[in-house]
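Q: Please take a close look at one part of this model. I would like a connected account of the packing there, and then of the sheet.

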Amino acid sequence: MADEQMAVDRSGAPGDSTGRDPGDDAAGALGGADAEVPGEVLSAPIGTPTGAPPARPLDAIDRDILRLLQTDGRASVRSVAERVHVSRANAYARINRLIDDGVIRGFSARVNHERAGHGASAYITLKIVQNSWRTVREQLKTLPGATHIALVSGDFDVLLLVHTPDNRTLRELVLTRLQAIPEVLSTRTLLVFEETDLNTDPRA
(Lines give C-alpha, C1' and ligand atoms only; values in the text may rest on other atoms or scores of the structure.)
Protein backbone atom coordinates (compact mmCIF):
# COMPACT_ATOMS: atom_id res chain seq x y z
CA MET A 1 0.00 0.00 0.00
CA ALA A 2 1.76 3.10 -1.25
CA ASP A 3 1.71 6.00 1.20
CA GLU A 4 0.01 3.77 3.79
CA GLN A 5 1.37 1.78 6.74
CA MET A 6 -0.77 -0.50 8.90
CA ALA A 7 -0.29 -2.94 11.79
CA VAL A 8 -2.29 -4.99 14.29
CA ASP A 9 -4.26 -3.02 16.88
CA ARG A 10 -6.03 -3.30 20.21
CA SER A 11 -7.49 -0.34 22.01
CA GLY A 12 -9.71 0.41 24.94
CA ALA A 13 -10.78 3.70 26.45
CA PRO A 14 -12.21 3.89 29.94
CA GLY A 15 -15.99 4.13 30.04
CA ASP A 16 -18.45 5.54 32.53
CA SER A 17 -20.27 2.79 34.40
CA THR A 18 -21.77 4.83 37.22
CA GLY A 19 -25.25 3.89 38.31
CA ARG A 20 -26.54 7.32 39.26
CA ASP A 21 -29.92 8.63 38.22
CA PRO A 22 -29.35 10.88 35.18
CA GLY A 23 -32.17 13.11 36.33
CA ASP A 24 -29.95 14.52 39.10
CA ASP A 25 -26.95 15.46 37.00
CA ALA A 26 -25.81 18.48 35.03
CA ALA A 27 -26.67 16.87 31.71
CA GLY A 28 -29.99 15.59 33.03
CA ALA A 29 -30.75 19.02 34.42
CA LEU A 30 -31.28 20.15 30.85
CA GLY A 31 -34.63 18.45 31.18
CA GLY A 32 -35.51 20.22 34.41
CA ALA A 33 -33.85 18.28 37.27
CA ASP A 34 -33.23 20.17 40.51
CA ALA A 35 -36.13 22.42 39.50
CA GLU A 36 -36.66 23.61 43.06
CA VAL A 37 -34.08 26.33 42.34
CA PRO A 38 -36.43 29.09 41.15
CA GLY A 39 -35.83 30.87 37.88
CA GLU A 40 -32.88 28.71 36.80
CA VAL A 41 -33.33 26.48 33.74
CA LEU A 42 -30.32 25.16 31.85
CA SER A 43 -30.32 25.79 28.13
CA ALA A 44 -29.87 22.93 25.69
CA PRO A 45 -26.18 22.90 24.61
CA ILE A 46 -26.24 23.17 20.84
CA GLY A 47 -22.90 24.87 20.24
CA THR A 48 -22.01 28.49 19.72
CA PRO A 49 -24.80 30.24 17.78
CA THR A 50 -23.89 32.03 14.57
CA GLY A 51 -23.02 35.65 15.34
CA ALA A 52 -22.88 35.02 19.08
CA PRO A 53 -21.02 37.66 21.13
CA PRO A 54 -17.52 36.81 22.36
CA ALA A 55 -17.44 34.53 25.39
CA ARG A 56 -17.12 36.34 28.69
CA PRO A 57 -13.87 35.87 30.65
CA LEU A 58 -13.76 32.81 32.90
CA ASP A 59 -12.82 33.08 36.54
CA ALA A 60 -11.36 30.40 38.83
CA ILE A 61 -14.82 29.06 39.76
CA ASP A 62 -15.84 28.74 36.10
CA ARG A 63 -12.67 26.77 35.38
CA ASP A 64 -13.29 24.52 38.38
CA ILE A 65 -16.81 23.83 37.11
CA LEU A 66 -15.45 22.96 33.67
CA ARG A 67 -12.90 20.56 35.15
CA LEU A 68 -15.59 18.86 37.22
CA LEU A 69 -17.97 18.45 34.27
CA GLN A 70 -15.18 17.20 32.01
CA THR A 71 -14.38 14.58 34.63
CA ASP A 72 -18.01 13.66 35.26
CA GLY A 73 -20.68 15.13 33.01
CA ARG A 74 -23.34 13.47 35.17
CA ALA A 75 -22.33 15.29 38.34
CA SER A 76 -25.38 16.80 40.01
CA VAL A 77 -25.63 20.56 40.20
CA ARG A 78 -25.75 20.15 43.97
CA SER A 79 -22.43 18.28 43.86
CA VAL A 80 -20.85 20.86 41.56
CA ALA A 81 -22.00 23.70 43.82
CA GLU A 82 -20.62 22.02 46.93
CA ARG A 83 -17.27 21.22 45.35
CA VAL A 84 -16.67 24.73 44.04
CA HIS A 85 -18.14 26.34 47.18
CA VAL A 86 -21.00 28.32 45.65
CA SER A 87 -24.78 28.16 46.01
CA ARG A 88 -26.80 25.87 43.76
CA ALA A 89 -28.45 28.88 42.13
CA ASN A 90 -25.00 30.32 41.43
CA ALA A 91 -23.85 26.99 39.96
CA TYR A 92 -26.95 26.85 37.73
CA ALA A 93 -26.38 30.39 36.52
CA ARG A 94 -22.71 29.73 35.76
CA ILE A 95 -23.40 26.49 33.87
CA ASN A 96 -26.14 28.25 31.90
CA ARG A 97 -23.73 31.04 31.00
CA LEU A 98 -21.03 28.56 29.94
CA ILE A 99 -23.58 26.87 27.68
CA ASP A 100 -24.97 30.11 26.27
CA ASP A 101 -21.44 31.38 25.54
CA GLY A 102 -20.61 28.17 23.71
CA VAL A 103 -17.88 27.21 26.19
CA ILE A 104 -19.78 24.00 27.01
CA ARG A 105 -20.82 22.52 23.67
CA GLY A 106 -22.71 19.56 25.10
CA PHE A 107 -22.69 16.58 27.44
CA SER A 108 -21.68 13.15 26.17
CA ALA A 109 -20.68 9.67 27.33
CA ARG A 110 -17.11 8.38 27.31
CA VAL A 111 -17.24 5.07 25.47
CA ASN A 112 -15.05 2.02 25.88
CA HIS A 113 -14.75 1.43 22.14
CA GLU A 114 -13.43 -2.11 22.42
CA ARG A 115 -16.35 -3.21 24.61
CA ALA A 116 -18.68 -1.38 22.21
CA GLY A 117 -17.50 -3.62 19.38
CA HIS A 118 -14.79 -1.37 17.97
CA GLY A 119 -11.65 -3.47 18.31
CA ALA A 120 -9.46 -1.31 16.08
CA SER A 121 -8.64 2.37 16.57
CA ALA A 122 -6.29 4.55 14.57
CA TYR A 123 -5.12 8.07 14.00
CA ILE A 124 -4.85 8.67 10.27
CA THR A 125 -2.83 11.53 8.82
CA LEU A 126 -3.79 12.96 5.44
CA LYS A 127 -2.08 15.21 2.95
CA ILE A 128 -4.69 17.04 0.92
CA VAL A 129 -4.91 19.41 -2.05
CA GLN A 130 -4.29 23.01 -1.06
CA ASN A 131 -7.44 24.94 -0.09
CA SER A 132 -9.59 21.78 -0.10
CA TRP A 133 -10.04 21.52 3.70
CA ARG A 134 -13.75 22.34 3.79
CA THR A 135 -14.56 19.88 1.02
CA VAL A 136 -12.48 17.12 2.62
CA ARG A 137 -13.91 17.82 6.08
CA GLU A 138 -17.49 17.31 4.86
CA GLN A 139 -16.54 13.96 3.32
CA LEU A 140 -14.64 12.80 6.40
CA LYS A 141 -17.71 13.52 8.55
CA THR A 142 -19.57 10.76 6.69
CA LEU A 143 -16.99 8.06 7.41
CA PRO A 144 -18.27 5.32 9.75
CA GLY A 145 -16.35 5.37 13.03
CA ALA A 146 -14.81 8.83 12.54
CA THR A 147 -14.80 10.62 15.92
CA HIS A 148 -12.34 13.51 15.57
CA ILE A 149 -11.09 15.60 12.65
CA ALA A 150 -8.47 18.35 12.88
CA LEU A 151 -6.71 20.63 10.39
CA VAL A 152 -3.10 20.83 11.57
CA SER A 153 0.28 22.23 10.61
CA GLY A 154 3.41 20.23 9.92
CA ASP A 155 4.26 17.34 7.62
CA PHE A 156 0.60 16.52 6.97
CA ASP A 157 -2.62 18.52 6.78
CA VAL A 158 -5.38 16.59 8.55
CA LEU A 159 -5.51 14.31 11.59
CA LEU A 160 -8.42 11.87 11.74
CA LEU A 161 -9.36 9.52 14.59
CA VAL A 162 -11.44 6.46 13.72
CA HIS A 163 -12.81 3.43 15.56
CA THR A 164 -13.78 0.32 13.57
CA PRO A 165 -14.86 -3.24 14.44
CA ASP A 166 -11.59 -4.78 13.25
CA ASN A 167 -8.45 -4.25 11.19
CA ARG A 168 -10.09 -5.49 8.00
CA THR A 169 -12.79 -2.84 8.28
CA LEU A 170 -10.14 -0.24 9.04
CA ARG A 171 -8.15 -1.29 5.98
CA GLU A 172 -11.23 -1.01 3.77
CA LEU A 173 -12.05 2.41 5.20
CA VAL A 174 -8.57 3.68 4.36
CA LEU A 175 -8.08 2.06 0.97
CA THR A 176 -11.65 2.24 -0.33
CA ARG A 177 -13.15 5.34 1.28
CA LEU A 178 -10.31 7.68 2.21
CA GLN A 179 -8.03 7.20 -0.76
CA ALA A 180 -11.01 7.50 -3.11
CA ILE A 181 -11.50 11.14 -2.07
CA PRO A 182 -10.01 13.14 -4.98
CA GLU A 183 -8.54 15.84 -2.72
CA VAL A 184 -6.64 13.31 -0.57
CA LEU A 185 -3.09 13.00 -1.85
CA SER A 186 -1.76 10.45 0.65
CA THR A 187 -2.54 8.85 4.01
CA ARG A 188 -0.69 7.20 6.84
CA THR A 189 -2.28 5.08 9.55
CA LEU A 190 -1.05 5.16 13.15
CA LEU A 191 -2.69 2.29 15.03
CA VAL A 192 -3.66 2.78 18.67
CA PHE A 193 -2.48 -0.01 20.98
CA GLU A 194 -3.62 1.60 24.21
CA GLU A 195 -5.14 4.93 25.23
CA THR A 196 -5.82 6.74 28.48
CA ASP A 197 -8.65 9.21 29.01
CA LEU A 198 -7.23 12.02 31.14
CA ASN A 199 -10.73 13.25 32.04
CA THR A 200 -11.58 10.12 33.99
CA ASP A 201 -13.39 10.34 37.32
CA PRO A 202 -10.87 8.98 39.86
CA ARG A 203 -13.77 7.59 41.88
CA ALA A 204 -14.99 5.39 38.99
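A: What follows starts at one residue and works outward. The model is predicted. Asp62 lies in helix 1, which spans residues 60-71. Asp62 counts as buried because its relative accessible area is 0%, and the cut-off for buried is under 20%. Leaving aside residues up to four places away in sequence, Asp62 touches Pro57, Arg94, Arg97 and Leu98.

Next comes the helix pair. Helix 1 packs with helix 3 (residues 88-100) at an angle of about 80°, and their axes are 11 Å apart. That angle makes helix 1 roughly perpendicular to helix 3. On the helix 1 side, the contact is made by Ile61, Asp62, Ile65, Leu66 and Leu69. Helix 3 supplies Arg94, Ile95, Arg97 and Leu98. By class, this contact has 6 nonpolar, no polar and 3 charged residues.

Now the sheet. It is open, has 4 strands in the order 2-3-1-4, and pairs in the antiparallel sense. Strand 2 (146-151) and strand 4 (184-191) are at the edges. Each has a single partner strand, so one side of each lacks a neighbour in the sheet. From one strand to the next, the twist averages 20°. Strand 1 (residues 120-128) pairs with strand 4 over 7 bridges, antiparallel. Within strand 4, Arg188 is the bridge partner of Thr125.

Two helices pack on this sheet. Helix 4 (residues 133-140) touches strand 1, strand 2 and strand 3 (158-164). The direction of helix 4 makes about 170° with that of strand 2. Helix 5 (residues 167-178) touches strand 1, strand 3 and strand 4. The direction of helix 5 makes about 15° with that of strand 1.

Technical notes: Residues are numbered from 1 along each chain as its sequence is written. This is a predicted model: local features need pLDDT of at least 70, side-chain atom pairs count only at pLDDT 80 or more; totals for chains, interfaces and linings use all residues. Side-chain values use heavy atoms; hydrogens and water are left out. Buried means under 20% relative accessible area, exposed over 50%, partly exposed in between (1.4 Å probe, protein chains only). Contact means heavy atoms within 4.5 Å. Axes are lines fitted to C-alpha atoms, for helices over the stretch in contact, and angles run from 0 to 180 degrees between N-to-C directions. Angles under 35 degrees count as roughly parallel, over 145 as roughly antiparallel, 65 to 115 as roughly perpendicular and the rest as oblique. Ala, Val, Leu, Ile, Met, Phe, Trp, Tyr, Cys and Pro count as nonpolar, Asp, Glu, Lys and Arg as charged, and the others, Gly among them, as polar. Two strands pair if DSSP finds at least two bridges between them.
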